[in-house]
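Please read these points with the structure open beside you. They go from one side chain to its surroundings, and then to other parts of the chain.

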Amino acid sequence: MIPEKGTTVEKNDVQKDKYGSFALFDIEHFLRGLLRNWYWFVFMFGLGYTISWIYGKYYAQSIYASNLSLSVSNSTASYFTPNQSINFIWGQGGNQDGVYLKKMLLSRSHNEFLVKELGLFVNYQTKGILKSTYLDKDDSPVFLEVDKKHLQQVNYPITIVPKRGGMYEIVLPSEGESRNLYSYQSEGFQYIDRYAKPANKAIKINEWFTTPNLRFRLIPNPNATTIRLENIIVNLNTVNDAVNSIVSSIGVDFDKEINTIMIITKTGYNLNGTVSFLNKSVSELQKKRYADKNTVDKNTDLYLKGSLTAIRKKLDSSAEVLNYLKTTEKLYDIKDRDEKSLQRIKDLESKKADLLSKMNSLNSIRNTIETQNFDKMISTNAAGFEDGLFSASVSELKALYLKRRELASIYTPNSEPMKEINRLINDAKTSSSGSLRNYYTVYTTEINRIDQQVGEANSELLTYPEKQRKYLDAERGYNMIEATYNSLLSRQNESQMRLATNQSDVTVIDPAKNLGQPPIGPNVKGTKMAIIGGLLSLPFLIILVGGLLDNKIRNIKELLSATRIPLLGVVGSNNNENMLTVLDHPKSSISESFRGIRANVRFLANEDDKSKVILVTSSVGGEGKTYVSINLASVLGLGDKKTILLGMDLRKPKIFGDFKIDNKNGISNYLTGEVSIDEIINKTTIPNLDVATSGPIPPNPSELLMSDKNIQFIEALKERYDFIIIDSPPVGLVADSYELMKHSDANIYVVRHEYTEKYMLKMITEKYHEGDIKHLGIVYNDYVTKQGYGYGYGYGYGYGYGYGYGYFDEDKNYKEPLLIKIRNKVKSILNR
């Protein structure tokens, strides 16, 4: 990167702003960091794979699902089997049976019955060395039957260990006994007195195991089990917890093409358990549907018979009145009858009669709900409507009333369980009453509309004589009663037909089966990928964050691109105990690097007969400017050039130690007039190399360096030497070097690999491109690579090609001192 002499590059403002600006993120360094730390990724992958394997093998509890599909018939209707369209609910064609059935399948009353019927509050498990497995009840060789009259401790694992001779050892936990016990009769908790820890005991089949907190016995499984279990762990749950767990695991959907087909799904830890529960649940639902339909249709038939009897009497009475008018008043033949108006009135009053009959049925349904006499409930068909939501709310209300009667025998009226059941009853009553009010409103509105139309038609009959109007009124009354009678008779025929042909309208299409379905969860593969990916991301994120926060120079290409300052050479890492690398190891790769720097410096300095003043500086201390100064001076001295090295870093003298020179008298003494110039010049082992050390640290180093005497000192040395190497203070700390650069022929700026901060180069770069500093070049120091010689960027300049150890003879035989070896080892570990 040494430009030819006389080359001038015009720089605009945009270019100047870019000088000294480094990229926020060094992608190349980041990628190298990933490759350098490959073993962490291998380790994390192995660790993640091991963890995920252990999780999937010993800890993941498989979740299974079984399905059952059934068809809901629309051919029958009763109070509990509504069949009108529910497009507004499901967003598709269907019938309101779906509303009721779904609510029934998910209702507490239905599932509570199943929990108690199947004993689902008793859960079975078996435990291996690491993993517990959930069992279906039928997988256990024995069943645990609790004494429901005895208080029981729930969530208290009971271990049953099979022994010889048909005995089973009951092993209880070493701790965890509770005084707050559960009653399966009242479904509530009660406190008992303190008791001693129950002891383990071996019992036989059908023998009661009794402790203060437990009472149960073991009964044999009537079906032979194929699984041999070392232990069975039983946990008792409350009925409420068991119901809530089951309801949360049930899903009900409708087929997308045929919406009268329901698909019921049950999930659980055991496939056999989900299969048996679904089949039992639907079987009980079919029985309940059939019983409900029969009960409601019988009630409806009785209700309609009573209504028909009453309306028949009214019809007979009305017929007598009409016959009397015909025979006595001779009004059966009215001239000029307006048959069109009369027929219109007859039709309207027939509709009104039908609506009034339906409203009477509504009143009957409302009274049944208010009096809680659900055994007398009639079908909503008698009231002219079918509403699945209403039917479901009434069914739930009936179950809640039964539940309240059970709780009332145990709890006081102001207890929390009673308050909760009353709240649920009020919610169900509000729902059902709201539906009835809606139908009352519809019927009342329609009757008012009919009355208005009848009134309009009556106005057309006012022209008839009084006797004729009397006959027409009697005839209209008879027709209205007759229409009501016919409407009730028609509904009675429908009710009797349903009663005669009643059967369950729930047909199972595909029962639930154990077909060896694989588990639906957990997603072991996804969890495995998440664990491995998460662990792999840790080193990736650490390296990424480190790269984002890192502000050190690590990339020669980026350094040159950002600064646009010529590169004089690259120097490898110094592994010697001192800084005299060129003197102690003249055939090493580092010595060859300094020879390349010596050759390149001539491109910076003016070519004339005067001495070359070369100033060496850096951003801060520790970057190697003194090391570069010493070895560059050594190379020049060995090249038969009379050279002097000046230690002008008056604040931090260093040079004297390596050359074993007394620093009692130095440049600071000369500039203060204490000694002569000859007294501070020291000879070295190289005949052509002299050294002037800094001397004692003065109180005013800046004033001394910028004094006229110092300039005169440099000018006097030019008469004696071919090259003057100035080891100057760092420019990032003080401004002394900038003043000295005005009197130098070439300036070397030392940048240390992975040490120099990027922001430190901003000022020197700006001054160089603004023309304040001339003849400036960079030496890249302490660069270590594992790629052989050459720093791998493809420049091909030829300088610094040997800093990779092993190329030169002395490097092959070089052995690091013990302390240096330890230092480099620690440094490599910290760099990782």
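1. Start with His753. His753 sits in the loop that runs between S22 and H24. Keep in mind that this is a predicted model.

2. Is His753 buried or exposed? His753 is buried, because its relative accessibility is 11% and the cut-off for buried is under 20%. Residues from elsewhere in the sequence touch His753. They are Ile553, Arg554, Tyr780, Asn781, Asp782, Tyr783 and Val784, with residues up to four places away in sequence not counted.

3. His753 also has a polar contact with Glu754, side chain to side chain, at 3.5 Å. Glu754 is partly exposed, at 28% relative accessibility.

4. Which residue does Glu754 pair with in a salt bridge? The partner is Arg554, and the closest N and O atoms are 3.0 Å apart. Glu754 belongs to the loop between strand S22 (746–752) and helix H24 (761–769), and Arg554 to the loop between helix H13 (524–549) and helix H14 (556–563), so the salt bridge ties together parts 200 residues apart in sequence. Note that Arg554 is also among the residues that touch His753.

5. How many salt bridges does the structure hold? The count is 27. Two further examples follow.

6. Arg108 and Glu187 form a salt bridge, with 3.8 Å between the closest N and O atoms. This pair links distant parts of the chain, 79 residues apart. Arg108 is in helix H6 (residues 108–118), while Glu187 is in the loop between strand S7 (180–183) and strand S8 (188–191). Arg108 is partly exposed at 29% relative accessibility. Glu187 is buried, with a relative accessible area of 16%.

7. Asp427 and Arg423 make a salt bridge within one helix. Their side chains meet at 3.1 Å, N to O. Both residues lie in helix H11 (residues 416–458), four residues apart, or about one turn of the helix. In an α-helix there are 3.6 residues a turn, so residues three or four places apart point the same way. Both ends are partly exposed: Asp427 has a relative accessible area of 42%, and Arg423 has one of 40%.

8. Now look at H13. With 26 residues at 1.5 Å a residue, H13 should span 38 Å. Its end C-alpha atoms are 37 Å apart, which agrees. Where is the kink in H13? A kink of about 25° lies at Leu538, shortly before the proline Pro539.

9. Which residues of H13 are buried? They are Ile532, Leu535, Pro539, Ile543 and Gly547. Pro539, just named beside the kink, is thus on this list too. The cover over these buried residues includes helix H2 (27–36) and helix H3 (38–59).

10. Compare this with the record. An unreviewed UniProt entry places the feature "transmembrane region" at residues 38–56 and 529–549. In the model, residues 38–56 are 100% helix and 0% strand, and the end C-alpha atoms lie 27 Å apart. Residues 529–549 are also 100% helix and 0% strand, with 29 Å between the end C-alpha atoms. The feature itself comes from the record.

Conventions:
Residues numbered from 1 in each chain as written. Predicted model: local features only at pLDDT ≥ 70, side-chain atom pairs only at ≥ 80, totals over all residues. Heavy atoms only, no water. Salt bridge = Lys/Arg side-chain N within 4 Å of Asp/Glu carboxyl O. Helix = DSSP H or I, 4+ residues; strand = E, 2+ residues; numbered from the N terminus. Buried < 20%, exposed > 50% of the residue type's maximum accessible area, 1.4 Å probe, protein only. Polar contact = N/O pair within 3.5 Å; in protein donor to acceptor, adjacent residues only side chain to side chain. Contact = heavy atoms within 4.5 Å. Expected span 1.5 Å × (residues − 1). Bend = angle between axes of the 7 residues up to and from the residue. UniProt positions renumbered as here; feature names shortened; annotations may be inferred.
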